[in-house]
Amino acid sequence: MKINAKQLFLVDAVGAILSAFLLGVVLVKLEHFFGIPLAVLYLLAAFPCFFACYDLLCYFLAKKRATFFLKGIAYANIAYCILSIGIAFFHLESITYLGWTYILGEVLIVGLLVRLEIKVAKG
């Protein structure tokens, strides 16, 4: 199966929307189970909102340079993963095992997507 850059923008956008919803709505309601402070959850949720907008703009507007923009979202995703892990370590005292499971699960999924995005971007 051949995956192109435009398809990956849609996959990334859907994932970003899901991530923003989970962080900004679901985990906020269940904050005491995850141990991640509300301000941190809202901060982390903001990034996927921006990523989803970027992805959708690229999907509809990027024609010839789609692979260039795909690298952009891949590197932004890497930075987001590093930020997420860094914030989790910063809140080591309060974050629960469930919180770590969420953070590491998201990093794993985003990491796999980044790997695919870079592979497709390189051709």
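# Touring the helices

Student: Let's start with H32: is H32 buried or exposed, going by its relative accessible area?
Tutor: Keep in mind that we're looking at a predicted model. H32 has a relative accessible area of 56%. The exposed label needs over 50%, so H32 counts as exposed.

Student: And which helix holds H32?
Tutor: There's a short stretch to check here, since α2 covers 31-34. H32 has its place in helix α2.

Student: How far apart in space are H32 and F89, C-alpha to C-alpha?
Tutor: Along the sequence, H32 and F89 are 57 residues apart. In space, going from C-alpha to C-alpha, the gap between H32 and F89 is 17 Å.

Student: What about A88, is that residue buried or exposed?
Tutor: A88 sits in helix α4. Its relative accessible area is 4%. Buried means under 20%, so A88 is buried.

Student: Which residues does A88 touch, leaving out those up to four places away in sequence?
Tutor: Touching here takes heavy atoms within 4.5 Å. With residues up to four places away in sequence set aside, A88 is in contact with I95, W100 and I103.

Student: How far is A88 from I36 in space, C-alpha to C-alpha?
Tutor: A88 and I36 are 52 residues apart in sequence. Their C-alpha atoms, though, are separated in space by 7.8 Å.

Student: Over to helix α1: which residues does S19 touch, not counting residues up to four places away in sequence?
Tutor: S19 is part of helix α1. At 8% relative accessibility, S19 counts as buried. Not counting residues up to four places away in sequence, the contacts of S19 are P48, Y80, Y102 and E106.

Student: How far apart are the end C-alpha atoms of α3?
Tutor: Helix α3 has 24 residues, and at 1.5 Å a residue they should span 34 Å. The model agrees with that, because the end C-alpha atoms of α3 lie apart by 35 Å.

Student: Which helices do the buried residues of α3 pack against?
Tutor: The buried residues of α3 include V40, L41, L44, F51 and C58. Those buried residues of α3 pack against α1, α2, α4 and α5.

Student: How many disulfides does the count come to?
Tutor: A disulfide needs two cysteine sulfur atoms within 2.5 Å. The sulfur of C49 has its closest cysteine sulfur in C53, 7.2 Å away, so that pair is too far for a bond. C58 is in no disulfide either, with its nearest cysteine sulfur, that of C53, 11 Å away. By this rule the number of disulfides is zero.

Student: Which helix gives the most residues to the nonpolar patch?
Tutor: L10, L56, L57, F60 and L61 make up this surface patch, with about 490 Å² of accessible area together. L10 belongs to helix α1, and at 32% relative accessibility L10 counts as partly exposed. Four residues of the patch come from the helix that gives the most, α3.

Student: What's the distance between the end C-alpha atoms of α5?
Tutor: Let's run the arithmetic check on α5: its 26 residues, at 1.5 Å a residue, should span 38 Å. The distance between its end C-alpha atoms agrees with that, at 37 Å.

Student: Which helices are included in what covers the buried residues of α5?
Tutor: Among the buried residues of α5 are W100, Y102, I103 and E106. The cover over the buried residues of α5 includes α1, α2, α3 and α4.

Student: Last one: what phi does G123 take?
Tutor: G123 comes just after α5. Its phi is positive, at about 90 degrees.

Methods: Residues are numbered from 1 along each chain as its sequence is written. This is a predicted model: local features need pLDDT of at least 70, side-chain atom pairs count only at pLDDT 80 or more; totals for chains, interfaces and linings use all residues. Side-chain values use heavy atoms; hydrogens and water are left out. Patches are made of residues with over 30% relative accessible area and no salt bridge: like charges are joined within 9 Å, nonpolar side chains (Val, Leu, Ile, Met, Phe, Trp, Tyr) within 5 Å. Accessible areas come from the Shrake-Rupley method with a 1.4 Å probe; for residues, only the protein chains shown count as cover. A salt bridge is a side-chain nitrogen of Lys or Arg within 4 Å of a carboxyl oxygen of Asp or Glu. Helices (H or I, at least four residues) and strands (E, at least two) are DSSP runs, numbered from the N terminus. Buried means under 20% relative accessible area, exposed over 50%, partly exposed in between (1.4 Å probe, protein chains only). The expected span of a helix is 1.5 Å times one less than its number of residues.
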